[in-house]
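Me: I'd like a close look at a single part of this one, with its surroundings filled in as you go. Here it is.

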Amino acid sequence: MLITILLILSIVVQTLATAYALRLVRATKYNSVWILFIVGFSLLTIERLVQLLMDLGVEVVPRWWFGYLGVTVSICLSIGVMYAHKLFRYIDRLNHQRTLLNKRILTAVLRTEEKARSRFSKELHDGLGPLLSSAKMSLTALSRDEHNAEQREIIDNTTYVIEEAIRSLREISNNLSPHVLNDFGLARGVQNFIDKSVAMHDVKIRFTTNLRSERYDTDVEVILYRVICELINNSLKHSGCTSINLSLSQNGSELTLDYSDNGRGFNPQAMMDCGMGLSNISSRINSLGGSCSITSSKGKGMQAAIRVNTQEDPAVPARRDGRRKKRS
């Protein structure tokens, strides 16, 4: 009686498993491995059903039939297992293609963003800049004439406002598209940004690098520059730190960035989810095929370790703007 119940339970379970497997055939695009497993499950179900009938006294097939059926099931399952790696390779290939697609999309977005920044910077510098300079020259010429004290004060105030507008325009233009980075490379660009940050904040920033005049692909230079600026700005605005240590070095084909501050610290995972640009930093580094590790805890500041391979990634289309890596 117990054997009969177990056989019935086995038949029900295998039937449900076979039915569910059949529903997934279309999802596997009728993969031969999956079909072999379905055939094996179906034959096992039939075998259990026949065995149940024979135990109940119904002679359905001769006893030797079980031998052939068992061999057939074994062959189906064995071949399915042997070729299952094809299915896994197909899944891995899809995941790899999806990763490459996401990487290309992110790279295209970042390049479009930098092109827009560069265009705005040029329009501000070449369009609005000359107009303000002309206005300043006109006021300078006007100031040579004789004026009373009130008129002189108006001219001086207007000249000061125009000079401040020109200074702000240059700063905005440089932030949009840093000219030092474009002309002299990553190390000089970072040093220039640090000098400006130190002048405006009471924070000590220690920057060490073994880079000289090396030039890298535009994507590498721009993204690392933006990442460094984001890290420094985050520390200055949110951490309450008094010192920042930044190291940028070339080790073989790998560009290494180590960053730390002595601020109040934070929960990196929470900040990844809600802001401070950490997720943006991680996405930018991933677009270069690099690695980014950010650690922090309350009262112990934060540390960031970034590694980027400067050899061109064949999976990502190269830029056609003539900015190739040059050896110094």
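Along β5, which side chains point to one face and which to the other, and which are buried?

Reply: Bear in mind that this is a predicted model. With that said, let's start on the strand itself. The side chains of β5 alternate. Met-302, Ala-304, Ile-306 and Val-308 point to one face and are buried. Gln-303, Ala-305, Arg-307 and Asn-309 point to the other face, and these are not buried. That's the textbook pattern: in a regular strand the side chains alternate between the two faces of the sheet.

Now for the sheet around the strand. It is an open sheet of five strands, in the order β1-β2-β3-β5-β4, with mixed pairing. The edges are taken by β1 and β4 (291-296), each with a single partner strand, so one side of each has no neighbour in the sheet. From one strand to the next, the twist averages 10°. In that order β5 sits between β3 and β4, and we can take those two partners in turn.

On one side, β5 (residues 302-309) runs antiparallel to β3 (residues 254-261), and eight bridges join the two. Leu-257 is the residue that stands opposite Ile-306 of β5 here. On the other side, β4 and β5 are also antiparallel, paired over six bridges. There, Cys-292 stands opposite Ile-306. Put those together and Ile-306 has Leu-257 opposite as well as Cys-292, while its own side chain is among those pointing to the buried face. Cys-292 itself is partly exposed, at a relative accessible area of 24%.

The link from β4 to β5 is a hairpin with five residues between the strands, and Gly-299 in that hairpin takes a positive phi near 80°.

What packs on all this? Helix α8 packs on the sheet and touches β1, β2 (243-251), β3 and β5, its direction making about 5° with that of β3. Helix α10 (residues 278-287) lies across β4 and β5, and it runs at about 155° to β4. So β5 is touched by α8 and has α10 lying across it too.

It's worth following α8 a little further. Cys-229 is buried, at 10% relative accessibility. If you were wondering about the cysteines, the structure holds zero disulfides. There is one aromatic pair in the structure. It is made by Phe-193 and Tyr-225, edge-to-face, at 6.3 Å centre to centre and 75° between the planes. The pair links distant parts of the chain, with Phe-193 in helix α7 (residues 186-200) and Tyr-225 in helix α8, 32 residues apart. Both rings belong to buried residues: Phe-193 comes out at 12% relative accessibility, and Tyr-225 has a relative accessible area of 5%.

Just ahead of that helix is another residue to check. Arg-215 is in the loop between β1 (204-209) and α8 (218-239). It's an arginine, yet Arg-215 counts as buried, with 9% relative accessibility. What does its side chain have for polar company? A polar atom of the Arg-215 side chain lies 3.3 Å from the backbone oxygen of Leu-181. The Arg-215 side chain also makes a polar contact with the side chain of Glu-221, at 2.9 Å.

Back to the strand to finish, at its Asn-309 end. Asn-309 is one of the β5 residues whose side chains are not buried. Its C-alpha atom is separated by 9.6 Å from that of Asn-251, although the two residues are 58 apart along the chain. Asn-251 lies in strand β2 and is partly exposed, with a relative accessible area of 44%. The side chain of Asn-251 has a polar contact of its own, with the side chain of Thr-256 at 3.2 Å.

So the picture of β5 is this: β3 pairs with it over eight bridges, β4 pairs with it over six, α8 touches it and α10 lies across it, while its side chains alternate between a buried set and a set that is not.

How values were computed
Residues numbered from 1 in each chain as written. Predicted model: local features only at pLDDT ≥ 70, side-chain atom pairs only at ≥ 80, totals over all residues. Heavy atoms only, no water. Helix = DSSP H or I, 4+ residues; strand = E, 2+ residues; numbered from the N terminus. Buried < 20%, exposed > 50% of the residue type's maximum accessible area, 1.4 Å probe, protein only. Polar contact = N/O pair within 3.5 Å; in protein donor to acceptor, adjacent residues only side chain to side chain. Pairing = 2+ DSSP bridges. Axes fitted to C-alpha atoms, helices over the stretch in contact; angles between N-to-C directions. Contact = heavy atoms within 4.5 Å. Disulfide = S-S within 2.5 Å. Phe/Tyr/Trp six-rings, centres within 6.5 Å; stacked < 30°, edge-to-face > 60°.
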